[in-house]
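User: I have a protein model open and want to learn how to read it. Where should I begin?

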Amino acid sequence: MWLTAVKPKRMMIQTYQRDSNRKHPLLGLQHIVECVSVGPTEKRYYLCTLCKLTLATHMVIKHVLSFDHIYCYFKAWHPSTLLSKECYKDWDKALASMILDFAKQTEEILGTADIKQVNLEPAKFNSVNFTCYSEALKELESITKEKKESSLITSIKPGKKLERHTVSAAPLAFLYKLYCQDCNMIFKTTAQYFKHVSQGKHKEMLEKIFAKAERPDRCDQPVRTPSLGLYKYLKESFYQNQPAVVGVPLVVTCVSTQVHVEPIYICFACQNCFCEPILKQHFNSPKHLIRTLLYQNPWRLPFAWESLDLKVLKSEAWEEEKERGPNQMMLKVLDMPYWMFWSLIPSYPKVMASLELHHTFLKREVPRCETYSKLKENERFPLLGQQFLVIHDMVKQHQCPGVGFVCLLCKRRLSDEECHAHVFSREHVATFLMLVLCVCSTILLHSLHHSAAPPPHDTQHPAPSTQELDRLSNSGFTSSSAPYRQDEEKH
Ligand SMILES: [Zn+2]
Ligand SMILES: [Zn+2]
Ligand SMILES: [Zn+2]
Ligand SMILES: [Zn+2]
């Protein structure tokens with residue numbers, strides 16, 4: 001944990017303090033007393049007057065970096081910065097980064113301190129009982145008094161409460177709230193949400209929404225707090241200053257507080273259903289990113305792209321979500337009775353069918369899909385020849401069954417990375433427009449043929465096959481292709 005970077009066991013704390021590669025701040029060194037036996041064999045022992053402990057040489061660096069010592073330090077010097085110790089039971093990366101942040105701040109305010117040193121004759125050194133803190137301190141204090149040196153105890157002037165500094169462009173506060181889809185209520189913390197679901201009002205609402213005549217009354221059943229993996233994941237990414245998770249407003253977490261079950265997530269952008277173990281995989285997939293942009297504002301996608309930069313797309317998606325404002329940043333939770341939850345088969349069409357009567361609650365507050373809308377000054381985003389893309393089942397050697405993608409227009413297989421963005425790639429758009437030109441010239445030739453026979457033989461632009469023509473006329477591309485429509489009008 002905190003100590004992973006601590007190097008050799010026998011390194012002196014002073015050497016460690018001066019180490020330019022040192023990654024961890026050393027806090028509260030003014031509370032460390034070093035007793036040295038000056039003689040042919042040098043011996044040392046340490047006291048931490050903050051934690052009221054004695055420490056052998058090999059333990060001192062470890063102690064100064066320990067959570068217990070750091071916690072004592074903040075409690076003394078910056079009271080009310082940290083919550084009660086029990087709140088930090090689970091040491092994780094988020095907590096480590098918070099402590100590091102506070103440590104840097106306190107170093108800026110108080111500067112780094114040096115440890116105190118007491119030199120003792122070997123006989124004196126041996127007479128001190130270092131196994132007992134109070135005895136050792138008493139003994140040492142009397143020695144320093146004799147020598148008229150200052151006290152070994154550092155007096156503490158409690159300073160201000162430290163606030164979390166956040167790095168660069170990251171949002172200033174954790175924005176996500178929890179939303180009860182059943183009751184249309186917002187909660188700031190999971191604790192508040194869990195309290196809400198255990199209350200009568202929420203249970204009554206559940207009864208009302210999912211009324212089922214033959215079901216026995218289960219209102220008195222104890223409430224199981226659902227695991228909200230997505231919420232945890234959002235917090236983790238936020239406190240570790242990782243790139244934002246996008247498309248959260250388009251996902252609904254389905255739970256049942258009557259039983260102990262893992263939630264099922266429904267992503268309206270991907271039209272997908274998934275469970276907890278593949279949560280991160282889903283949110284990190286190029287498909288989710290592209291489908292989220294297509295859903296919220298396709299004009300942020302690069303039309304006719306030649307090389308696709310997913311990092312740029314991710315920041316575009318995050319920009320879009322920030323522009324939409326914090327009101328949309330909600331983790332949507334739909335609670336349902338156990339009988340309903342257990343009937344759900346995690347496949348998008350099946351879940352949507354099972355919850356058919358409850359779509360009002362399921363889709364509550366989910367933003368509307370903008371894939372085919374006119375946004376601001378923009379026309380509809382052209383998704384030309386989308387119907388030439390074919391998804392097929394596929395079993396790769398020694399792998400689980402999956403799906404493959406083929407573009408019938410570009411006449412090739414698509415890789416998993418490109419398939420979701422292929423429809424607005426330069427290659428596909430160009431191929432599509434070429435085909436449109438062919439069709440137009442054929443129609444033109446055809447009309448010429450009727451007015452003045454015989455038609456000129458065109459080897460450069462052979463007419464497309466009927467199959468392709470049929471597909472074109474069935475495709476509805478005219479409705480999604482604004483540029484083409486304008487061309488058509490000119491003819
Ligand atoms: Zn200590
Ligand atoms: Zn509720
Ligand atoms: Zn998704
Ligand atoms: Zn294509």
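Analyst: Begin with confidence. This is a predicted model. Where pLDDT is low, the predicted coordinates should not be read in detail.

User: What does the protein chain average in pLDDT?

Analyst: The chain averages a pLDDT of 82. Of the residues, 84% score at least 70. Two stretches call for care. Residues 1-9 have a pLDDT below 50, and this stretch has 13 contacts in the model beyond near neighbours in sequence. Residues 453-491 also have a pLDDT below 50. That stretch has 33 contacts beyond near neighbours in sequence.

User: Now sheets. In what order do S1, S2, S3 and S4 stand?

Analyst: A general idea comes with it. In a regular strand the side chains alternate between the two faces of the sheet. Now the case here. The order is S3-S2-S1-S4, in an open sheet of 4 strands with mixed pairing. Strand S3 (53-55) and strand S4 (116-120) stand at the edges with a single partner strand each, so one side of each has no neighbour in the sheet. From one strand to the next, the twist averages 20°.

User: Which pairs in that sheet are parallel, and which antiparallel?

Analyst: Take them one by one. S2 (residues 43-48) and S3 pair in the antiparallel sense over 3 bridges. Cysteine 48 has leucine 53 in S3 as its bridge partner. S1 (residues 32-37) and S2 are also antiparallel, over 6 bridges. They form a hairpin with 5 residues between them. S1 and S4 run parallel, joined by 5 bridges.

User: What stands opposite serine 37 in S2, and what is its bridge partner in S4?

Analyst: In S2, lysine 43 stands opposite serine 37. In S4, the bridge partner of serine 37 is leucine 120.

User: How does strand S5 pair with S10 and with S6, parallel or antiparallel?

Analyst: S5 (residues 177-180) pairs with S10 (residues 330-335) in the parallel sense, over 4 bridges. S5 and S6 (residues 185-187) run antiparallel, joined by 3 bridges. Look at cysteine 180. Valine 333 in S10 stands opposite cysteine 180, and so does methionine 185 in S6. S5 and S6 form a hairpin with 4 residues between them. In the turn, asparagine 184 has a positive phi of about 60°.

User: Which strands stand at the edges of the sheet S11-S12-S13?

Analyst: This open sheet has 3 strands, and the pairing is antiparallel. Strand S11 (389-395) and strand S13 (412-414) are at the edges, each with a single partner strand, so one side of each is left without a neighbour in the sheet. The twist averages 40° from one strand to the next. S11 and S12 (residues 401-407) are joined by 7 bridges. Opposite valine 395 stands proline 401 in S12.

User: Now helices. How do I describe a packed pair?

Analyst: Two packed helices are described by the angle between their axes and the distance between the axes. Try H11 (residues 286-296) and H12 (residues 310-324). Their axes come within 10 Å and cross at roughly 40°. That angle makes H11 oblique to H12. The crossing is left-handed.

User: Which residues of H11 and H12 meet?

Analyst: From H11, they are Pro286, Leu289, Ile290, Thr292, Leu293 and Gln296. From H12, they are Leu310, Leu313, Lys314, Glu316, Ala317 and Glu320. By class, the contact has 7 nonpolar, 2 polar and 3 charged residues.

How values were computed
Residues numbered from 1 in each chain as written. Chains lettered and ligands numbered in written order. Predicted model: local features only at pLDDT ≥ 70, side-chain atom pairs only at ≥ 80, totals over all residues. Axes fitted to C-alpha atoms, helices over the stretch in contact; angles between N-to-C directions. Helix = DSSP H or I, 4+ residues; strand = E, 2+ residues; numbered from the N terminus. Parallel < 35°, antiparallel > 145°, perpendicular 65-115°, else oblique. Left-handed = near helix turned anticlockwise from the far one by under 90°. Contact = placed C-beta atoms within 7 Å. Nonpolar A, V, L, I, M, F, W, Y, C, P; charged D, E, K, R; others polar. pLDDT = per-residue confidence, 0-100. Pairing = 2+ DSSP bridges.
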